[in-house]
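Here are a few friendly notes to read beside the model. Please keep the sequence and the structure open as you go through the points.

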Amino acid sequence: MYLVHYAIEDFNYSVHEVIPMNLGFWILQGVLAFVFGGVGLMHLIRSKTAFDADPNFRWTRTMSQSSIKSIGAAELAGALGLVVPAAAGVLMGLVPLAALCLGVLMAGAAATHRRLKEPVAPTLVLSLMSLMVAVGRGWLVPL
């Protein structure tokens, strides 16, 4: 008995529709993994003083170094969670979970940027893209 009923069964997608959707989600996952992996590594490697000196990272002034590193670790873990389980063929349910967590993380980032009167568009776009992968891989075209 399946606990989740997949939308793909409801809509009776043909093979000609599933393959492009699957490819599209793989491309989206790759782009998100690249972005979150790079940003996560930067948050892990760079010092707080370097962030504080950079005018593009005003939000880091309100956080401790350990908070910045934790955010970086979450971003890097999410990046790995977007591609590694599916590529390895194990625990593929982690892909939509990683995407959902990244979407929530970026929604929180957007709220922080809004509070500091900084641009929120990049974080909102990343949040929406992550949530698209979460829904796509969770229900529409599961791995």
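1. L32 is a good place to begin: its place is in helix α2. Helices here are DSSP runs of H or I with at least four residues, and strands are runs of E with at least two, numbered from the N terminus. This is a predicted model, in which local features need pLDDT of at least 70 and side-chain atom pairs count only at pLDDT 80 or more, while totals for chains, interfaces and linings use all residues. Residues are numbered from 1 along each chain as its sequence is written, and side-chain values use heavy atoms, with hydrogens and water left out.

2. Is L32 buried or exposed? With a relative accessible area of 1%, L32 is buried; that word means under 20%, exposed means over 50%, and partly exposed lies in between, for a 1.4 Å probe and protein chains only.

3. Beyond its neighbours within four places in sequence, L32 is in contact (heavy atoms within 4.5 Å) with G37, L82, L126, M129, S130 and V133. Take L126: it sits 94 residues from L32 along the chain, yet their C-alpha atoms are separated by 7.6 Å.

4. L32 also belongs to the largest nonpolar core, a set of 14 residues in which L32, F36, L82 and V133 have the most contacts. Two or more residues of this core come from each of α2 (15-45), α4 (65-88), α5 and α6. Such a core joins buried Ala, Val, Leu, Ile, Met, Phe, Trp, Tyr and Cys residues through side-chain atoms within 4.5 Å. Another core, of five residues, lies apart from the largest one and includes F51, F57, W59 and I68.

5. Now look at F36. Leaving out residues up to four places away in sequence, F36 touches E75, L76, A79, L102, M106, L126 and S130.

6. One of those partners, L76, is found in helix α4. L76 counts as partly exposed, at 24% relative accessibility. Its C-alpha is 6.1 Å from that of F36, although the two are 40 residues apart in sequence. Besides F36, L76 touches G37, G40, L41 and L44, again not counting residues up to four places away.

7. Finally, turn to the surface. V90, L91, L94, L97, L100, V104, L128 and L131 form a nonpolar patch there, with about 730 Å² of accessible area together. Helices α5 (94-115) and α6 (121-140) each supply at least two of its residues, and the largest share, four residues, comes from α5. Patch residues have over 30% relative accessible area and no salt bridge; like charges are joined within 9 Å, and nonpolar side chains (Val, Leu, Ile, Met, Phe, Trp, Tyr) within 5 Å. A salt bridge is a side-chain nitrogen of Lys or Arg within 4 Å of a carboxyl oxygen of Asp or Glu. Areas follow the Shrake-Rupley method with a 1.4 Å probe, and for residues only the protein chains shown count as cover.
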